[in-house]
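User: Could you walk me through reading a few features of a structure, from burial to salt bridges?

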Amino acid sequence: MTDILVIGGGPAGMAAAATAARHGAHATLIDEQARPGGQVYRAMPASFAVAGDLGPDHAAGEALRAELAASGARLALGERVWNVRPGFRVDTLARDGPRRYEAPAVIIATGTTERHVPFPGWTMPGVIGLAAATIMLKAQRLLPGRRVVVAGSGPLLAAVAYGIVKSGGDVVAVIDAAKRAEWLRQGPRLLARPDLLMRGSAWMAALRRKGVPWLFGHVVTAARGGSQQVEAVEIAALDREGKPASTRRPLDCDALAIGYGLVPNCDLARLLGAPHAYRAERGGWIAARDDDLRSSLPGLYLAGDGAGISGAVAAEIEGRLAALAALADLGTLSAREAAGLAAPLRTHRRRAARFGSAMAELMAARPALYGAIAAGCTVCRCEDVPRAEIDAAIDAGARDVNQLKAWTRAGMGPCQGKICGEAVASLVAEHVGSRQAAGMFTARPPLRPLPTEALIGTFDYADIPIPKPAPL
Amino acid sequence: MIERIRNADVSTPPAVVIRVDDREIEALPGESLVAALLASGRLVFKHSPRADAARGPFCLMGVCQDCLVELDGMPVLACQEPVRAGMAVRLLAPPR
């Protein structure tokens, strides 16, 4: 019997489940990883033993995991949510088969995925996301390559580049789409977290000392390789409109880690019918929430970057606030008790969100980059749909992303549009005036690809009871 | 080349053997299957449906589906599957 279901085991989800359980609610946390942590606090395999100091992020993740373990919250780990229904019912696929959960309250804390800008060669093996490089370094103890180009936008650039260099690899260059002025403009907000600002500066200084060039206002325009593996990239400076200049420069490398910011995962909330709006400075489409993090659907709460990018620390605080709202609505806490506990959290959240919002702006979508995608470049990786076919569909009348998907198959493949969705929507938005007008891919179950057999199991046809036919 | 980071900060368990197609490779119990495959030098996991272009792991977080492999007859994402000694994996497209 669950009172509060928390979906997503990152900082928001861990804090929400721990807070709910600590105040006496039956809380269940569902996450697809074997250990909670999400992406930012992603844990290493349990079989790896940490001997040294792995830094403040690792410590923060361990602290939350410990709090969660001590709270009494039930953990449903290694389970993939594939459907949610109002009321609420959540269907998952666990390692040993399908599970179903029912609860009057659900806290969605599903975090973000990475934004990608297609370019010729981006589908080549050896090209990985920035978030993927982070996972390799932090959670799997792998070096993405010996000579890595680190490219894209946002705070992950410094983290990945520094992580590679610290682990014995070489970073050929950091290719940062943001111009120096964009970073400087965020100065006042970055000062809200002097510790994080100093850490980022220390990373960049260490990279400078190692002779790693940091090219502001530049982008990777192509990746080239021989036998199916990346061997070099091509870069260009961005002009005043943010478009790649025509002069291109090659850089040899054996790996490319590239990503352009984070996009909130809102498929669960959309499947439930929560109203969403497009807010570029929060990462994209986000669900409407009140000050207590309630959505407009009774019993549904949204916390963390999945409801709008504010950063890891704000995410943890939001998890606690969402849990308090749910506890108050369920009657487990009185409204006054909940408000009293929430008050100091709100103050912390405001301060934490100031830094997070600076980061969110630095990694917001850059429409000019999508405009520059070459006609022959693959946009939808799963279905091999090049830009030219997307343009043709728009010329033929496709006016939102779902029409475009039906016309071209872009977004129809196994990734369900999670990788190409930003590019597809930007290309449509160019013609219909805004991302809001271009819309979102309709959310439908299953939210993740599943083998049918895993849901229905195996059976003999002889086992199916066949009722007697009705008399004629 | 993708390689393992070895330093004193983290100690890993002794390697075990797993089968990938007709080869045996070393892997660390508990690490993700995609990490073991990448560390063994495998970058190409399959080919795209229309252009027959090489594909390999891209997102490492269960989103891109490019690390799909066959394990015990079922399609699984290598990035979501922990290594167990003796597991037998088939790649969807053997190397060309």
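Analyst: Let's start with burial: buried means under 20% relative accessible area, exposed over 50%, and partly exposed in between, with a 1.4 Å probe and protein chains only. Helices (H or I, at least four residues) and strands (E, at least two) are DSSP runs numbered from the N terminus. This is a predicted model, where local features need pLDDT of at least 70, side-chain atom pairs count only at pLDDT 80 or more, and totals for chains, interfaces and linings use all residues. Residues are numbered from 1 along each chain as its sequence is written, chains are lettered from A and ligands numbered from 1 in the order in which they are written, and side-chain values use heavy atoms, leaving out hydrogens and water.

User: Which residues of α3(A) are buried?

Analyst: A:Leu130, A:Ala131, A:Ala132, A:Ala133, A:Thr134, A:Ile135, A:Met136 and A:Leu137. That makes 8 of the 9 residues of helix α3 (residues 130–138) of chain A, so the helix is largely enclosed by the rest of the structure.

User: How do I read the meeting of chain B and chain A?

Analyst: Contact means heavy atoms within 4.5 Å, and buried area is the accessible area (1.4 Å probe) that two parts lose on being put together, summed over both. Here 46 residues of chain B are in contact with 56 residues of chain A. The two chains bury about 4200 Å² between them, 56% of it on carbon and sulfur atoms. On the chain B side, B:Ile5, B:Phe58 and B:Met61 lose the most area to chain A, together 20% of what that side buries.

User: And how many salt bridges does the rule find across that interface?

Analyst: Side chains of opposite charge can pair when their charged atoms come close. The rule asks for a side-chain nitrogen of Lys or Arg within 4 Å of a carboxyl oxygen of Asp or Glu. It finds 5 across the interface, and 38 over all chains. One pairs A:Arg381 with B:Asp66, their closest N and O atoms 2.9 Å apart.

User: What else does B:Asp66 form a salt bridge with?

Analyst: B:Lys46, at 3.3 Å between the closest N and O atoms. B:Asp66 sits in the loop between β6 (54–55) and β7 (68–71) of chain B and B:Lys46 in strand β5 (residues 46–47), so the pair ties together parts 20 residues apart in sequence. Both B:Asp66 and B:Lys46 are buried.

User: Where does a pair link distant parts of chain A?

Analyst: Try A:Asp267 and A:Arg448, whose closest N and O atoms are 3.6 Å apart. A:Asp267 is in helix α8 (residues 267–271), A:Arg448 in the loop between α15 (435–438) and α16 (452–456), 181 residues apart. Both A:Asp267 and A:Arg448 are buried.
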